[in-house]
Amino acid sequence: MNWYCGGLQCQVEHHLFPQMPRARLVKLKPVIKALCKKHGIRYQEFSFWRSNMLVLDGLWRVAKSPMAQLSLAPGSVKTT
């Protein structure tokens, strides 16, 4: 599953240690989760399928927003 996620399954660890190689981020993940639990910090993660559904839902909401509708109205894009 690591290949499909492209490293995004270790996003928190990557932002804490941006220079660390991806393979080590996977090993660091349980350490960070334990540290968060110890200090009462929420460490939120989702399954591969759930995270993709959240992304698609967010894109759908943005596409259906009033600003997106205005920018896609006929004549709103000028071509030269």
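**Exercise 1. Place Val55 and describe its surroundings on the surface.**

Step 1. Find the element. In this predicted model, Val55 sits in helix H4, which covers residues 48-63.

Step 2. Look for a patch. Val55 joins Met53, Leu56 and Leu59 in a nonpolar surface patch. The area of this patch is about 420 Å².

Step 3. Set the patch beside the whole surface. The chain has an accessible surface of about 7,200 Å². Carbon and sulfur atoms account for 65% of that surface.

**Exercise 2. Work out the overall layout of the chain.**

Step 1. Count the elements. There are five helices and zero strands.

Step 2. Write the order. Along the sequence, the pattern reads α-α-α-α-α.

Step 3. Ask how much is buried. Of the 80 residues, 15% count as buried.

Step 4. Check the contacts across the sequence. Take the contacts with a separation of 6 or more: 17% of them join residues 24 or more positions apart.

**Exercise 3. Describe helix H3: what is its span, where does it bend, and which residues are buried?**

Step 1. Take the span. H3 runs over residues 22-38, a total of 17 residues. From first C-alpha to last, the helix reaches 24 Å, close to the 24 Å expected.

Step 2. Find the bend. H3 has a kink of about 40° at Leu28. The proline Pro30 follows shortly after.

Step 3. List the buried residues. They are Leu25, Leu28, Lys29, Ile32 and Cys36.

Step 4. Find the cover. Helix H2 (11-16) is included in what covers these residues.

Step 5. Look past the end. Just after H3, Gly40 has a positive phi of about 70°.

**Exercise 4. Decide whether Lys29 is buried or exposed, and list its contacts.**

Step 1. Locate the residue. Lys29 belongs to helix H3.

Step 2. Apply the cut-off. Buried means under 20% relative accessible area. Lys29 has 13% relative accessibility, so Lys29 counts as buried.

Step 3. List the contacts. Leave out residues up to four places away in sequence. Lys29 then touches Gln9, Cys10, Glu13, Tyr43 and Glu45.

**Exercise 5. Follow the contact to Glu45 and describe this residue.**

Step 1. Locate Glu45. This residue lies in the loop between H3 and H4.

Step 2. Classify it. Partly exposed lies between 20% and 50%. Glu45 has a relative accessible area of 39%, so Glu45 is partly exposed.

Step 3. Name its partners. Beyond four places in sequence, Glu45 contacts Lys29 and Lys33.

Step 4. Compare two distances. Glu45 and Gln9 are 36 residues apart in sequence. In space, they are 8.1 Å apart, C-alpha to C-alpha.

Note on methods: Residues numbered from 1 in each chain as written. Predicted model: local features only at pLDDT ≥ 70, side-chain atom pairs only at ≥ 80, totals over all residues. Heavy atoms only, no water. Helix = DSSP H or I, 4+ residues; strand = E, 2+ residues; numbered from the N terminus. Expected span 1.5 Å × (residues − 1). Bend = angle between axes of the 7 residues up to and from the residue. Buried < 20%, exposed > 50% of the residue type's maximum accessible area, 1.4 Å probe, protein only. Contact = heavy atoms within 4.5 Å. Patch = residues over 30% accessible without salt bridge, like charges linked within 9 Å, V, L, I, M, F, W, Y side chains within 5 Å. Areas by Shrake-Rupley, 256 points an atom, 1.4 Å probe, with all protein chains shown as cover. Salt bridge = Lys/Arg side-chain N within 4 Å of Asp/Glu carboxyl O.
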